[in-house]
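Hi,

Here is the structure I promised to pass on. Have a look, and my notes follow below.

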Amino acid sequence: MTSRKVSKSIAISQDILHEIETSINSGKIGNLDEFVEMALRRELEARRQTEIDAELAEMAKDPDYLQEVTQLESEFAEADWEAFEIGVN
């Protein structure tokens, strides 16, 4: 799904702009708009992943969660071993 494009003015360092323009001129990237959108998407995804990692770290401190995980691991241990013995991945 493609979102509606909007125009927004931004200011970036001249040295960064020069590097981007060099990449555009050499054919490594399409144009400035595409590059900026791609970079912003990557940054947003990295931030989402950081939030998920922080939430998982908090879960690892939760004794109730850890007890539940330990119980599940115990319940599946025998089936895991049987699968390993017959070569199922």
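Which residue caps the N-terminal end of H3? That would be Asp62, with a side-chain oxygen 2.9 Å from the backbone nitrogen of Asp64.

Before the rest, some ground rules. This is a predicted model, where local features need pLDDT of at least 70 and side-chain atom pairs count only at pLDDT 80 or more, while totals for chains, interfaces and linings use all residues. Residues are numbered from 1 along each chain as its sequence is written, and side-chain values use heavy atoms, with hydrogens and water left out.

Back to H3, which covers residues 63-86 (helices are DSSP runs of H or I, at least four residues, numbered from the N terminus). Its 24 residues reach 35 Å from first C-alpha to last, close to the expected 34 Å (1.5 Å times one less than the number of residues). H3 bends by about 40° at Phe76 (the angle between axes fitted to the seven residues ending there and the seven starting there). Just after H3, Gly87 has a positive phi of about 85°.

H1 (residues 14-25) has 12 residues and reaches 16 Å, close to the 16 Å expected. Gly27, just after H1, also takes a positive phi, about 85°.

Then there's the largest pocket (on a 1 Å grid over the protein atoms alone, an open set of points where a 1.4 Å probe fits, with protein on both sides within 12 Å along at least five of seven lines; lining residues have an atom within 4 Å of a point). It is lined by 16 residues, with Val6, Lys8, Asp33, Val36 and Glu37 nearest its centre. Helix H2 (residues 32-59) gives the largest share of that lining, 6 residues.

Cheers

Definitions and conventions: Helices (H or I, at least four residues) and strands (E, at least two) are DSSP runs, numbered from the N terminus. A polar contact is a pair of N or O atoms within 3.5 Å; within protein, one must be able to donate a hydrogen and the other to accept it, and residues adjacent in sequence count only if both atoms are side-chain atoms. Grid points are joined across faces, edges and corners, and a volume is the space filled by probe spheres set on the points.
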